[in-house]
Amino acid sequence: QVQLVESGGGLVQPGGSLKLSCAVSEVIFDFNALGWYRQAPGKERVFVASMDRGGRTDYADSVKGRFTISRDDAKNTVYLQMNSLKPEDAAVYYCAAKYGNSGTNYAYWGQGTQVTVSS
């Protein structure tokens with residue numbers, strides 16, 4: 001059973017930074033892709049960032065230039081560095097993983113970590 005556990009969420013002022021972590025119970029290099037999604041109250045869960053096995057990254061337009069996804073294969077951990085945070089970035093952030101190719105959905109999800117951006 002693949003398990004993903006997010007941490008690092010919290011309250012931050014606008015313009016501030018947070019770094020989320022996602023500890024994975026399996027060897028993350030074996031996954032075809034790792035990603036971050038977020039869900040704000042009353043809204044659908046949306047894509048934030050992803051990284052494939054080769055290290056290629058992709059970002060939602062709303063976070064490009066501010067967020068960075070990375071991974072540490074030795075620790076089986078995925079990160080999301082979030083800078084210049086805005087109130088609209090507030091959401092529950094989920095990490096996800098899949099073994100399938102780009103045409104498949106993410107199969108494994110964490111429980112989420114809350115990010116609040118407020119002064």
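Aspartate 52 is buried in this predicted model, its relative accessible area being 19%. That value falls in the buried class because the class covers anything under 20%. Its salt-bridge partner is arginine 56, which counts as exposed at 65% relative accessibility. The two side chains meet at 3.1 Å, N to O.

In total, the structure holds five salt bridges. Three of them are listed below, with distances taken from N to O.

| Acidic residue | Basic residue | Distance (N to O) |
|---|---|---|
| Aspartate 52 | Arginine 56 | 3.1 Å |
| Aspartate 89 | Arginine 38 | 2.9 Å |
| Aspartate 89 | Arginine 66 | 2.7 Å |

Aspartate 89 and arginine 66 form a salt bridge that links distant parts of the chain: aspartate 89 lies in the loop between S8 and S9, and arginine 66 in the loop between strand S6 (57-59) and S7, 23 residues apart. Both residues are buried. Salt bridges with shared partners join Arg38, Arg66 and Asp89 into one network.

Arginine 38 pairs with aspartate 89 in a salt bridge. Here the separation is 51 residues, with arginine 38 located in strand S4 (residues 33-39). Arginine 38 is buried, as is aspartate 89.

Turning to the strands, an open sheet of four has the order S1-S3-S8-S7 and antiparallel pairing. Strands S1 (4-7) and S7 (67-72) stand at the edges with a single partner strand each, so one side of each lacks a neighbour in the sheet. From one strand to the next, the twist averages 15°. S7 is joined to the antiparallel strand S8 (residues 77-82) by six bridges, and arginine 71 stands opposite valine 78 in S8.

How values were computed
Residues are numbered from 1 along each chain as its sequence is written. This is a predicted model: local features need pLDDT of at least 70, side-chain atom pairs count only at pLDDT 80 or more; totals for chains, interfaces and linings use all residues. Side-chain values use heavy atoms; hydrogens and water are left out. Two strands pair if DSSP finds at least two bridges between them. Helices (H or I, at least four residues) and strands (E, at least two) are DSSP runs, numbered from the N terminus. Axes are lines fitted to C-alpha atoms, for helices over the stretch in contact, and angles run from 0 to 180 degrees between N-to-C directions. A salt bridge is a side-chain nitrogen of Lys or Arg within 4 Å of a carboxyl oxygen of Asp or Glu. Buried means under 20% relative accessible area, exposed over 50%, partly exposed in between (1.4 Å probe, protein chains only).
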